[in-house]
Amino acid sequence: AADHDSLTGFVTRGFFHITATKRLILRAHQQRDAWLVYLDVDNLKQVNDIHGHTVGDSLVVAQAERIRSVIGPSDLVARSGGDEFLILTDRWETPEQAVREAEKLFEKLSQPFDYEGKRIETSVSAGIARFPDHGQALTGLIRAADIALQRCKMEQKSSFRIYDKRMDDHLRQRREIRVELDSALREAQFDLFYQPIIDARA
């Protein structure tokens with residue numbers, strides 16, 4: 001069907017947006033939380049490059065089945081890109097429970113993948129955001145989870161981070177530094193100095 005991914009059977013990103021938005025509106029009326037997990041399969045590109053796209057597709061399917069074995073029946077899951085998944089859940093009541101459930105998910109998804117006798121190591125990274133604290137609409141919630149995911153990748157792959165507002169400040173600082181460096185390179189503002197290394201014993 002057009003609203004489901006042909007490879008994993010999860011809903012498409014477009015269908016996810018429509019359904020998740022309705023669910024968040026309902027959660028807002030109920031004054032209850034929801035959690036969004038933005039999940040990325042770290043080494044899919046490497047698997048595709050080394051073993052081919054057939055193996056890569058099999059890895060995606062295997063990871064989808066692992067996700068399916070851990071989530072609850074009311075959870076909404078989308079394959080949002082080649083190596084990305086979005087999970088919306090209303091089963092987690094506290095940050096502590098979110099951490100425990102995320103750890104279960106990661107333990108499952110970090111297991112090696114076997115393809116026709118080939119053992120392929122795999123890992124995932126994820127950012128997690130809480131509704132409505134980290135975003136009062138789906139776009140803001142996805143943005144917050146994505147920021148947490150990017151912070152996770154910068155610090156240590158194969159782990160997860162729950163969004164914190166300080167991550168915004170850190171990301172903005174990195175972007176500002178990058179812009180300043182790009183500008184300095186374009187305007188030739190760098191001076192290159194050579195520091196000779198001398199062995200006094202020679």
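Here are some notes on this predicted model, taken point by point.

1. Overall layout. The protein has 6 helices and 8 strands. Reading from the N terminus, the elements come in the order β-α-β-α-α-β-β-α-β-β-β-α-β-α. Of its 202 residues, 42% count as buried. If you take the contacts between residues at least 6 apart in sequence, 67% of them join residues at least 24 apart.

2. The main core. Nonpolar side chains tend to be buried together in soluble globular proteins. Here the largest nonpolar core has 30 residues, and Leu39, Ile67, Phe85, Ile87, Phe113 and Ile128 touch the most other members. Two or more residues each come from strand 2 (34-41), helix 2 (44-51), helix 3 (53-70), strand 4 (84-89), helix 4, strand 5 (113-115) and strand 7. Helix 3 supplies the largest share, 6 residues. There is also a second core, separate from this one, with 23 residues, among them Phe16, Leu138, Leu149 and Tyr163.

3. Phe85 up close. Phe85 is one of the core residues that touch the most other members. Setting aside residues up to four places away in sequence, Phe85 touches Thr8, Phe10, Val37, Tyr38, Leu39, Val41, Val60, Ala64, Ile67, Ala78, Arg79 and Ser80. Two of those names, Leu39 and Ile67, also turn up in the list of best-connected core members.

4. The cavity. How many cavities of 30 Å³ or more does the structure hold? There is 1, and the space in it comes to about 80 Å³. Its lining is made up of Val37, Val70, Ile71, Asp75, Ile87, Arg91, Trp92, Glu101, Ala102 and Leu105. By class that gives 7 nonpolar, 3 charged and no polar residues. Helix 4 (residues 95-109) gives the most to the lining, with 3 residues. If you plan to look at this spot, note that Ile87 is on the lining and is also among the core residues with the most contacts to other members.

5. Trp92. This tryptophan sits in the loop between strand 4 and helix 4, and it also lines the cavity. Is Trp92 buried or exposed? Its relative accessibility is 6%, so it counts as buried, the cut-off being under 20%. Beyond its neighbours within four places in sequence, Trp92 is in contact with Trp35, Val37, Gln97, Ala98, Glu101 and Ile128. Trp35 is 57 residues away along the chain, yet the two C-alpha atoms are separated by 7.1 Å.

6. Gln97. Among the contacts of Trp92 is Gln97, a residue of helix 4. Gln97 has a relative accessible area of 18%, which means it falls on the buried side of the 20% cut-off. The Gln97 side chain reaches the backbone nitrogen of Glu93 at 2.8 Å. Not counting residues up to four places away in sequence, Gln97 touches Arg91 and Trp92, and both of these line the cavity.

7. Thr122. Here is another buried loop residue: Thr122 has a relative accessible area of 6% and lies between strand 6 (118-120) and strand 7 (124-131). Its side chain makes a polar contact with the side chain of Asn43 at 3.4 Å. Leaving out neighbours within four places in sequence, the contacts of Thr122 are Val41, Asn43, Leu59, Gln63, Arg66, Leu109, Ser110, Gln111 and Phe113. Phe113 is also one of the core residues that touch the most other members.

8. Backbone oddities. Most residues other than glycine have a negative phi, and most peptide bonds are trans. Gln31, which is not a glycine, has a positive phi of about 55°. Gln31 belongs to the loop between helix 1 (13-30) and strand 2, and it counts as exposed at 74% relative accessibility. Glu116 also has a positive phi, near 50°. Its place is the loop between strand 5 and strand 6, and its relative accessibility of 68% makes it exposed. Then there is a cis peptide bond joining Phe131 and Pro132, with omega about 5°. Pro132 is in the loop between strand 7 and helix 5 (138-155).

Technical notes. Residues numbered from 1 in each chain as written. Predicted model: local features only at pLDDT ≥ 70, side-chain atom pairs only at ≥ 80, totals over all residues. Heavy atoms only, no water. 1 Å grid on protein atoms, 1.4 Å probe; cavity = no way out; pocket = protein on both sides within 12 Å on 5 of 7 lines; lining within 4 Å. Points joined across faces, edges and corners; volume = space filled by probe spheres on them. Helix = DSSP H or I, 4+ residues; strand = E, 2+ residues; numbered from the N terminus. Nonpolar A, V, L, I, M, F, W, Y, C, P; charged D, E, K, R; others polar. Buried < 20%, exposed > 50% of the residue type's maximum accessible area, 1.4 Å probe, protein only. Polar contact = N/O pair within 3.5 Å; in protein donor to acceptor, adjacent residues only side chain to side chain. Contact = heavy atoms within 4.5 Å. Core = buried A, V, L, I, M, F, W, Y, C linked by side-chain atoms within 4.5 Å.
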